[in-house]
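Q: Could you take me through this structure by asking, term by term, what each description rests on?

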Amino acid sequence: MILLMMTLLHLLITVGASASTPALSIKSPDGDVIDCIDIYNQPAFSNPLLKSHELQEFPTEMPNLEIAAETPNWQVWHTTGEKCPPRTIPIRRTTDISHSKYPKPYYKSLADATRGHKYAIGFIRNGGPIYGTRASLNVWEPLVEAADDFSLSQVWLASGSFANGDVNYVPKHNITHLKFMQRDAYNNTGCYSTHCGGFVQTSSTIALEAAITRTSAFGGPQFDITIQIWKDQSSGNWWLGLGRNMELVGYWPAAIFTGLADHAEKVEWGGEVLSQNSTGTNTILQMGSGEFAEKGFGKAAYVCNILVAENNQTLVPVQDFGVQAQFPKYYSVKRSQTKGCGKHFYFGGPGQTRSGAVRGTLASALLLLGSYGYDHAFMRMEKLWKR
């Protein structure tokens, strides 16, 4: 597919996709390689649904921002001092240096997508129109022992139902990664990050799946990352921003969704773990800090400063939300309210008791994002086991 038209900066640009040689490759201290890929040749445009898509470089409307000092070099590769050139985006290299292949689905079925998952979350599921959310997610380094398991914290927006096969969602954050995209109840589509051919990245400074430099300390300094996902009313695209100063990362185009093309019906925040139990024995799989929610600030993971845009499409502090922990014996959730954090909640836990598995080497926290099995959009921070 060829590039049809290019216009000036800040305008919508008609784009195509082709294999792309990196303009620059940056070797990160943690061993990752960050490739700087031409913004018009990113994997998103290999998606057939985006064949004639026009790149939106900036949202039509920007939300009100809380101006605050940002932590410099909050991804490990930033510490090199190298930057991607203008008009390129940073992509963490996996195996394909061209980063242009449109992958097969990450999950083969709904059963495959949900087996072994456990949650401790806050939520709004009233079925009414939801147009965005913002929340600050506490960053920890949970222990994940088995190679096939993960622990994450996330924000996601969703619409549709599994029964109708039209679940769409958008996510976000354990923040160690940022990933993802899926649109048909896990039946045929879905994978993580820019590899999905769905999320259109516009940032030249944030690399999805690249490791984060800071985490929280038990009983000590706390670190969190603010995530915002909102619908641009003019284009219909769902935008993602990170940090209190709202660094624009990119967007999920309206064209890849069905239900989310108009609005979300639910929003969720909190923790998720996946235990594949591939060894047949219990392994260590912590959520959040590895402590139960009841431990509170400085000891348990939190989701703070929660905003939601509903009928008036303006982000306002959340008035009420539910909480749910599927397995409170292993992972819990507890609501709280303070002047500095508003209505918020704590979540997490140690998981099941270890039963003799061999310990692996832990990976650092990463940013993952995607769109997934309902109409969903989400942003995740994830902790993975690394060989």
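A: A word on contacts has to come before anything else: two residues are in contact when heavy atoms of theirs lie within 4.5 Å. The model is predicted, and in it residues 24 or more positions apart account for 76% of the contacts with a separation of 6 or more.

Q: What makes Asp35 and Arg93 a salt bridge?
A: The cut-off is 4 Å between a side-chain nitrogen of Lys or Arg and a carboxyl oxygen of Asp or Glu, and the closest N and O atoms of Asp35 and Arg93 are 2.8 Å apart, so the pair meets the rule. Asp35 lies in strand S3 (residues 33-38) and Arg93 in the loop between strand S5 (88-92) and helix H1 (110-114), so that this pair, 58 residues apart, links distant parts of the chain. By this rule the count comes to 7 salt bridges.

Q: Why is Asp35 called buried or exposed, and what of Arg93?
A: Buried means under 20% relative accessible area and exposed means over 50%, with partly exposed in between. Asp35 has 0% relative accessibility and therefore counts as buried, whereas Arg93, at 29%, counts as partly exposed.

Q: How do you know that Glu57 forms a salt bridge with Arg87, and where in the chain do the two residues sit?
A: The closest N and O atoms of Glu57 and Arg87 are 2.8 Å apart, which has to be set against a limit of 4 Å. Both Glu57 and Arg87 are in the loop between strand S4 (54-55) and S5, yet they are 30 residues apart, and the pair links distant parts of the chain. Glu57 counts as buried because its relative accessibility is 7%, while Arg87, at 33%, counts as partly exposed.

Q: Why do Glu291 and Lys295 count as buried, partly exposed or exposed?
A: Glu291 has a relative accessibility of 24% and so counts as partly exposed, and Lys295, with a relative accessible area of 45%, is partly exposed as well. The two residues form a salt bridge, with the closest N and O atoms 2.7 Å apart. Elsewhere, Asp32, Arg92 and Glu209 are linked in a network of salt bridges.

Q: What makes His344 buried, and which residues is His344 in contact with?
A: The relative accessible area of His344 is 1%, so this residue is buried. His344 is found in strand S20 (residues 342-348), and its side chain reaches the backbone oxygen of Gly342 at 2.8 Å. Leaving aside neighbours within four places in sequence, the residues in contact with His344 include Val303, Cys304, Ile306, Phe321 and Lys334. For the protein as a whole, 57% of the 387 residues count as buried.

Q: Why do S2 and S5 stand at the edges of their sheet?
A: The sheet is open, with 3 strands in the order S2-S3-S5 and antiparallel pairing. Strand S2 (24-27) and S5 each have a single partner strand, so one side of each is left without a neighbour in the sheet. Neighbouring strands here are turned by 25° against each other on average, direction ignored.

Q: How do you know that S2 and S3 are paired?
A: Pairing requires at least two bridges between the strands, and 4 bridges join S2 to S3, which run antiparallel. Leu24 stands opposite Cys36 in S3. In total, the protein has 1 helix and 23 strands.

Note on methods: Residues numbered from 1 in each chain as written. Predicted model: local features only at pLDDT ≥ 70, side-chain atom pairs only at ≥ 80, totals over all residues. Heavy atoms only, no water. Buried < 20%, exposed > 50% of the residue type's maximum accessible area, 1.4 Å probe, protein only. Polar contact = N/O pair within 3.5 Å; in protein donor to acceptor, adjacent residues only side chain to side chain. Axes fitted to C-alpha atoms, helices over the stretch in contact; angles between N-to-C directions.
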